[in-house]
Amino acid sequence: MIFSSDNWAGATDAVMAALARHTSGFAPAYGVDPLSRSIEAKFNEVFEREVAVFLVSTGTAANSLALANYAKPGGVVFCHKEAHIVVDECGAPEFTTGGNKLFGLPGDAGKFTPQALETALKGYPEGVVHHGQPSAVSITQATEVGTLYTPDEIAAISTVAKSRDLPLHMDGARFANALVSLDISPAEMTWKQGVDVLSFGATKNGCWCAEAVVFFNPQDSAGFEFLRKRSAQLFSKSRFISAQFEGYFENDSWLESARHANAMALRLAEGLSAVPGVDLPVTPQANEVFPVIPRAKAAVLQDAGAKFYEWPTDDLPADRMMIRLVTSFATTPAMVDDFVSRF
């Protein structure tokens, strides 16, 4: 009953088979090998346009470097107040951007609105040196609480960002989960709605350590290779990140893994919704479920071997708590049913 994180799961068979295929022999280093070039071409195919792709090993690196590419002196990045870049990256975005401030916007269910962004931007008028200067806008898809921005919502946020000539960054740590839930194409969820740069996550969905920074306007990436090298994210044996992506994309393995994880989350939500005393204040849209349960029940579940984390919230009585349950490609129906049955 492992629901602590999709990071706890291993790698898919497809990814491991691809790594095994490329583990022997010789290949040029630092990402100029034929396999890495083929993966760059695959990203063009996936997104239906020419993109600039830079492979890295972690989501924190992808987010931080993507934002650093657009950093300004006295810069401000606008995002949700609960965004991963604010809460869970140990100041890496601020460090990598040279001290750009992260401005956390309010918003229900992990999302902020175009109106909230517009209001915040008014506090940073053009050319006022004392306030600093906006440098980027970042959204998370799927969000930290498993909800999704619709294409129209992404486009509306992009419109506000572009009114101040700001790039729109998408933290796509669970990109595939959002994609299959919305049932749209990668292009329709990104550049067609005005996204400029994407942190393309694959680790949570079945890779070992494979992430990518994707620029939808390749000219924006000029000089990015130096940012990546300076941040120790240019791997000498880059082909092993590329090999993971080969297995990930092969036969749409990445989409099937995400569909399975989402289906297990839905099974979990449906099972818990029928349990007296359990509430689901956030409707799950991807592979995360946030039930409110009796605190005493959490201890019973953990004693039985269930793994999950408490999700901090201020508006619950002392005897109740919200927990986060995350499913993955490795979650089985038996795990879900076993967990639900213990209520």
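**Exercise 1. Which residues of S7 are buried on one side and which on the other?**

Solution. Take one face of S7: Glu-211, Val-213 and Phe-215 are buried. Take the other: Ala-212 and Val-214 are buried. Both faces of S7 are covered. The tally is 5 of 5 residues buried. Buried means under 20% relative accessible area, with exposed over 50% and partly exposed in between (1.4 Å probe, protein chains only). Strands are DSSP runs of E, at least two residues; helices are runs of H or I, at least four; both are numbered from the N terminus.

The model is predicted: local features need pLDDT of at least 70, side-chain atom pairs count only at pLDDT 80 or more, and totals for chains, interfaces and linings use all residues. Residues are numbered from 1 along each chain as its sequence is written, and side-chain values use heavy atoms, without hydrogens and water.

**Exercise 2. Find the strands that pair with S7, and place S7 in the sheet.**

Solution. Start with S6 (residues 197-201). S6 pairs with S7 (residues 211-215) in the antiparallel sense over 5 bridges. Two strands pair if DSSP finds at least two bridges between them. Leu-198 stands opposite Val-214, and Phe-200 has Ala-212 as its bridge partner.

Next, S1. S1 and S7 are joined by 5 bridges and run antiparallel. Here Ala-52 faces Phe-215.

Now the full order: S1-S7-S6-S5-S4-S2-S3, an open sheet of 7 strands with mixed pairing. S1 (52-56) and S3 (101-105) have a single partner strand each, so one side of each lacks a neighbour in the sheet. Neighbouring strands are turned by 20° against each other on average, direction ignored.

**Exercise 3. Describe the largest pocket and the largest cavity.**

Solution. Define terms. On a 1 Å grid over the protein atoms alone, a cavity is a set of points where a 1.4 Å probe fits but cannot get out; a pocket is an open set with protein on both sides within 12 Å along at least five of seven lines; lining residues have an atom within 4 Å of a point. Volume is the space filled by probe spheres set on the points, which are joined across faces, edges and corners.

The pocket: about 1,000 Å³. Its lining holds 47 residues; Glu-82, Asp-88, Glu-144, Val-145 and Trp-311 lie nearest its centre. Elements supplying at least two lining residues each include helix H3 (59-68) and strand S11 (320-326).

The cavity: about 40 Å³. Its lining is His-80, Glu-82, Ala-83, Gly-110, Thr-140, Thr-143 and Glu-144.

Key
Axes fitted to C-alpha atoms, helices over the stretch in contact; angles between N-to-C directions.
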